[in-house]
Amino acid sequence: MSYKENELRSSLTLAVPIILNRHYHSMTMKNIEFSWFVEAHKELLDSSFSTILMSMVEALFFDSFGYDQYLNLLEKEGAEQGVYTAEIFGDHFDILLDMSKDLNLTAQNIMFKIIEEFVDDSAIRLFFYNRLMECNWTRFTGFAQGYLSNKNQQIDNLHEQKIAVMGQMAAGMAHEIRNPLASIKGFAQLVNIRLNEPEIKADELRAYLDITIKEIDALNGLVTDFLILARKGDSTKNNGVVFNVMEVIHRVNNIVNQLILSDDIILSVECSLEKVLTFGSASQLEQVILNILKNSIDSFTAFRGRIDISVTTAAETNEIILLFKDHGEGIPQDKLKRIFDPFFTTKQKGTGIGLSICKQLIEMYGGHIKVDSEVQVGTSVRVILPWVYDYHI
């Protein structure tokens, strides 16, 4: 072992009061409102924050099973605290959000330095860094869910619907955006520290930068998805062109086959036509098909299954019919009717915006999408596009 666990654990534990003092100082320096809030509630904040930080220190050393259980408990406790906070401090939620962010970053900065001091192996350091950041944002996610669910009970029916959407969005976005941002900041700080050392380890710096770039790409993709979901679509419709649907199908087929890691997952394409034209955006259709296929692959148990894609045309209605059928676990009927709702998801991890975006992109150019599913039988997704059959390209 490249570090002494007892010494590292002890140093991290002793750092908890230092973290809190630095955090309170930072908050009281913001303005008089923050200063009053900290002074008025310091005893309660001390008890809550100390317990959270101490439990996170212990979680760094859990085995995989114990750590997974801890994350589930952490999110549950965060939700309970969110409910309590909404009842007691509902008028000061903006202050608590700001304090939560500052506490997370302060804890990470101090604990990162301690871990770096005691752990020589870069892989083990990275392991601790990732656990610490994941614990921070799991707690925040639960807190946001608990707070917003409590507020739902205090407002009228119209606002209740809006807050429900906000609650789902906050939970997804807290994890999907704030966690990568924390990683980017953390690894940028590490690179800065490494550059001041006498010996620069290029491989270690490159690994940190690769992770940072990956997180930035993920953020960019998520922001793009939300922009697509938010806009009406009329302003982008004029950017459509006539393109060959089969070229998109073959391109996606090649991409997905590269991503499938199991030989037990089969992707089959059935179409005798070489050219099937429609009006719209080839890249957006590619995004839709990739999302559909990814959902199918995620539905397979033990990484085993088959996806059949067929492309047909209907001259009487001038339509192209894309059919995607899988034999995955299926979707319960009570959830099937909500799959196109923004921020609704049947997955443990996810923002629930994928199918909402697919529906919007397809309808933008006069198409529509329909999903049928049966539990333990499978799911079929039918995408209908306008057929431009008399156009020459």
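In strand β5, the bridge partner of Ile309 is Phe324, and this pair offers a convenient way into the sheet of what is a predicted model. The strands β4 and β5 run antiparallel and are joined by eight bridges. Together they form a hairpin with four residues between them.

**The sheet and its strands**

The hairpin belongs to an open sheet of five strands, ordered β2-β4-β5-β7-β6, in which the pairing is mixed. The edges of this sheet are formed by β2 (265-270) and β6 (368-374), each of which pairs on one side only. From one strand to the next, the twist averages 15 degrees. Helix α10, made up of residues 282-299, packs on the sheet and touches β2, β4 (305-314), β5 (319-326), β6 and β7, while its direction makes about 20 degrees with that of β5.

Three of the strand pairings are set out below, each with its sense, its bridges and one pair of partner residues.

| Strand pair | Sense | Bridges | One partner pair |
|---|---|---|---|
| β2 and β4 | parallel | six bridges | Ile265 and Gly305 |
| β4 and β5 | antiparallel | eight bridges | Ile309 and Phe324 |
| β6 and β7 | antiparallel | seven bridges | Asp372 and Ser380 |

At the edge formed by β2, Ile265 stands opposite Gly305 in β4, and the two strands run parallel. Toward the other edge, β6 pairs in the antiparallel sense with β7, which spans residues 378-386, and here Asp372 has Ser380 of β7 as its bridge partner.

**Two loop residues with positive phi**

Asn318 lies in the loop between β4 and β5, and it has a positive phi of about 55 degrees although it is not a glycine. Its relative accessibility is 33%, so Asn318 counts as partly exposed. Gln376, in the loop between β6 and β7, is likewise a residue other than glycine with a positive phi, in this case near 65 degrees. Because its relative accessibility is 65%, Gln376 counts as exposed.

**The nonpolar cores**

What is known in general about nonpolar side chains is that, in soluble globular proteins, they tend to be buried together. In this model the largest nonpolar core holds 49 residues, among which Leu8, Leu12, Phe49, Met99, Tyr129 and Cys135 touch the most other members. At least two residues of this core come from each of the helices α1 (5-28), α2 (32-59), α3 (64-89), α4 (93-118), α5 (122-152), α6 (157-195) and α7 (202-230). When residues up to four places away in sequence are set aside, Phe49 touches Leu20, His23, Tyr24, Met99 and Leu103. A second core, separate from the largest one, has 37 residues, including Met246, Val288, Phe324 and Leu336. Phe324 of this second core is also the β5 residue that bridges to Ile309.

**Aromatic pairs**

The structure holds seven aromatic pairs. In one of them, the rings of Phe62 and Tyr70 have their centres 5.9 Å apart and their planes at 70 degrees, so this pair is edge-to-face. The two partners differ in their surroundings: Phe62 counts as partly exposed at 34% relative accessibility, whereas Tyr70 is buried, with a relative accessible area of 8%. Elsewhere, ring pairs link Phe61, Phe127 and Phe128 into a cluster.

**The loop between α6 and α7**

Ile200 is placed in the loop between α6 and α7. With a relative accessible area of 48%, Ile200 is partly exposed. Leaving out residues up to four places away in sequence, the contacts of Ile200 are with Arg194, Leu195 and Leu205.

**Confidence along the chain**

The protein chain averages a pLDDT of 79, and 78% of the residues score at least 70. Over residues 155-159, however, the pLDDT is below 50, and this stretch has two contacts in the model beyond near neighbours in sequence. The pLDDT also stays under 50 over residues 232-236, where the model has four contacts beyond four places in sequence. Details within residues 155-159 and residues 232-236 should accordingly be read with the low pLDDT of each stretch in mind.

Key
Residues are numbered from 1 along each chain as its sequence is written. This is a predicted model: local features need pLDDT of at least 70, side-chain atom pairs count only at pLDDT 80 or more; totals for chains, interfaces and linings use all residues. Side-chain values use heavy atoms; hydrogens and water are left out. A nonpolar core is a set of buried Ala, Val, Leu, Ile, Met, Phe, Trp, Tyr and Cys residues joined through side-chain atoms within 4.5 Å. Buried means under 20% relative accessible area, exposed over 50%, partly exposed in between (1.4 Å probe, protein chains only). Contact means heavy atoms within 4.5 Å. Two strands pair if DSSP finds at least two bridges between them. Axes are lines fitted to C-alpha atoms, for helices over the stretch in contact, and angles run from 0 to 180 degrees between N-to-C directions. pLDDT is the predictor's confidence in each residue, from 0 to 100. Rings of Phe, Tyr and Trp (its six-membered ring) pair if their centres lie within 6.5 Å; planes under 30 degrees apart count as stacked, over 60 as edge-to-face and the rest as tilted.
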